[in-house]
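Work through the following exercises with the model open beside the text, and try each task before reading its solution.

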Amino acid sequence: MAAKDDSIEARIPASCPEPISQILHRAWHHDLAGLKPFLNVPESARVQEPTTGESPLHAAIRACAPANQGALADDDVEEQAKAVVHELFMSGGIWNNLDNNDETPGCVAARLGLQGLYTLCVEAGVRAELLFGLLDGYEELESDDGEEEEEENGDTQDEGKEEDNANDSAEADGAAEDAEVMTGPDQTFVPKRAGGPDVNSKDYLRSDLTYSDGKLVDSAQNGVMMAWETSIMRATVEALLPGLAVGRRILNIGFGMGIIDTMFAETHPSKHHIIEAHPGVLEHINSQESKFGKEWEASGPSEDAYKVHGGKWQEVVPKLLEQGETYDAIYFDTFGEDYNQLRMFFTEYVPGLLEEQGRFGFFNGLGADRKICYDVYTQVVEMHLSDAGLDVEWQELDVDMKDLAKEGEGEWEGVKRRYWTLDKYRLPTCTLMR
């Protein structure tokens with residue numbers, strides 16, 4: 001992979017429109033006093049250079065690259081950058097905007113080893129996601145295309161700011177007049193991933209599925225489940241069933257390739273219920289290739305102890321609650337649903353379905369196509385689990401990236417989108433608060 005050019009000449013070219021250039025240069029040089037008047041103009045904290053996608057946040061962080069520090073006047077460069085980054089976030093800067101390197105500001109901070117700045121970006125992402133969750137249900141974090149306009153509430157800016165002098169105000173007013181011009185379509189940066197695949201439950205459930213070569217894909221070649229996840233599934237079973245205890249009551253939502261259900265079955269549970277919504281998967285379950293058809297259901301220790309519930313979990317789970325079903329281990333791994341559905345499941349249903357000493361887990365692929373989104377989601381889901389009365393412990397697993405590193409190659413051959421890019425997996429094990 002070619003080294004990225006983090007120089008100011010490369011990131012803020014001479015062709016950059018003057019209003020944007022002024023903001024970016026002040027952010028780059030950590031000129032907070034000179035930047036503040038511009039931030040009084042709506043949208044100024046989120047402008048982007050039309051060709052490179054450089055935002056004020058990218059610029060303030062990138063300026064701390066070792067090759068750039070010689071051009072900055074202050075010795076304590078990162079501390080100066082923190083002040084600017086904080087101000088930008090408080091003025092509406094977007095934490096997950098992508099530049100032409102497919103990097104968010106936090107990605108730049110992580111690549112340059114700037115942990116303090118990276119932490120500020122993660123904290124801003126958490127605040128933004130929690131705010132959207134409060135305002136309009138929960139907006140799925142679009143780590144994929146960076147088009148979300150998560151912003152901090154502008155009213156949270158420090159109330160004690162001093163009045164800017166008349167010259168600065170005039171300069172800002174001039175920038176405001178030009179702002180309308182610089183948002184035209186010819187001067188708007190479009191990230192590489194804009195317009196990424198829209199995977200939703202409705203389309204998924206109507207799509208044809210193909211089981212082949214250690215993977216399950218839908219008709220659009222989206223990876224529904226893949227064999228590389230097997231080691232994660234094994235660790236999950238061990239976490240949900242300590243010591244691989246036999247005779248437990250198990251509920252799994254989302255059969256897919258049957259990887260985790262095969263592992264659950266090996267523990268000889270006293271109850272094993274599976275919920276699966278896709279007609280193609282249900283057909284597969286009842287085929288000779290599957291171990292979970294009618295014969296498996298009939299092999300249970302009692303009637304309906306082993307059962308595949310066909311249908312959407314949103315329709316099946318309330319019936320299980322009405323029937324008084326409870327479980328020692330619950331696992332959730334659906335496809336085509338946003339985080340809002342997972343949150344609804346563990347908030348509204350897990351407390352009633354889980355035995356007092358039981359354990360709940362889910363496939364943690366939240367934001368897994370980039371580190372900062374994964375870190376943001378980890379904190380967001382932990383807070384929401386706590387709100388639901390659940391404690392969570394995270395176990396960090398190594399992911400062998402040998403065949404996962406490149407789009408369209410290795411495990412991703414024949415798969416439309418590389419949905420996992422990280423060398424670490426955070427495995428959640430949740431229990432009821434005591």
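**Exercise 1. Compare the expected span of helix α7 with the distance between its end C-alpha atoms.**

Helix α7 covers residues 115–135, where helices (H or I, at least four residues) and strands (E, at least two) are DSSP runs numbered from the N terminus. The expected span is 1.5 Å times one less than the number of residues, so the 21 residues of α7 should span 30 Å, and this agrees with the 30 Å between its end C-alpha atoms. This is a predicted model, in which local features need pLDDT of at least 70 and side-chain atom pairs count only at pLDDT 80 or more, while totals for chains, interfaces and linings use all residues. Residues are numbered from 1 along each chain as its sequence is written, and side-chain values use heavy atoms, with hydrogens and water left out.

**Exercise 2. Find which residues of α7 are buried and what covers them.**

Take buried as under 20% relative accessible area, with a 1.4 Å probe and protein chains only. By this criterion the buried residues of α7 include L117, Y118, L120, C121, V122 and A124, and further along the helix G125, V126, A128, E129 and G133 are buried too. Next, look for contact, meaning heavy atoms within 4.5 Å: the cover of these residues includes α4 (56–62), α5 (77–90), α6 (105–111) and α17 (371–387).

**Exercise 3. Locate the largest nonpolar core and its residues with the most contacts.**

A nonpolar core is a set of buried Ala, Val, Leu, Ile, Met, Phe, Trp, Tyr and Cys residues joined through side-chain atoms within 4.5 Å. The largest has 74 residues, and F345, F346 and F360 have the most contacts inside it. Helix α7 gives the most to this core, with 8 residues. Once neighbours within four places in sequence are left aside, F346 is in contact with Y339, P351, F360, V381, H384, L385, A388 and L390. Another core lies apart from the largest one, with 32 residues, among them M233, V237, M401 and W420.

**Exercise 4. Describe how α2 packs against α3.**

Axes are lines fitted to C-alpha atoms over the stretch in contact, and angles run from 0 to 180 degrees between N-to-C directions. On this basis α2 (residues 18–28) and α3 (residues 32–39) pack at about 145°, with axes 8 Å apart. The contact is made by Q22, I23, R26 and A27 of α2 together with G34, L35 and F38 of α3.

**Exercise 5. Is S21 buried or exposed?**

S21 belongs to helix α2, and its relative accessible area of 11% is why S21 counts as buried. Leaving aside neighbours within four places in sequence, S21 is in contact with I12 and C16.

Terms used
Buried < 20%, exposed > 50% of the residue type's maximum accessible area, 1.4 Å probe, protein only.
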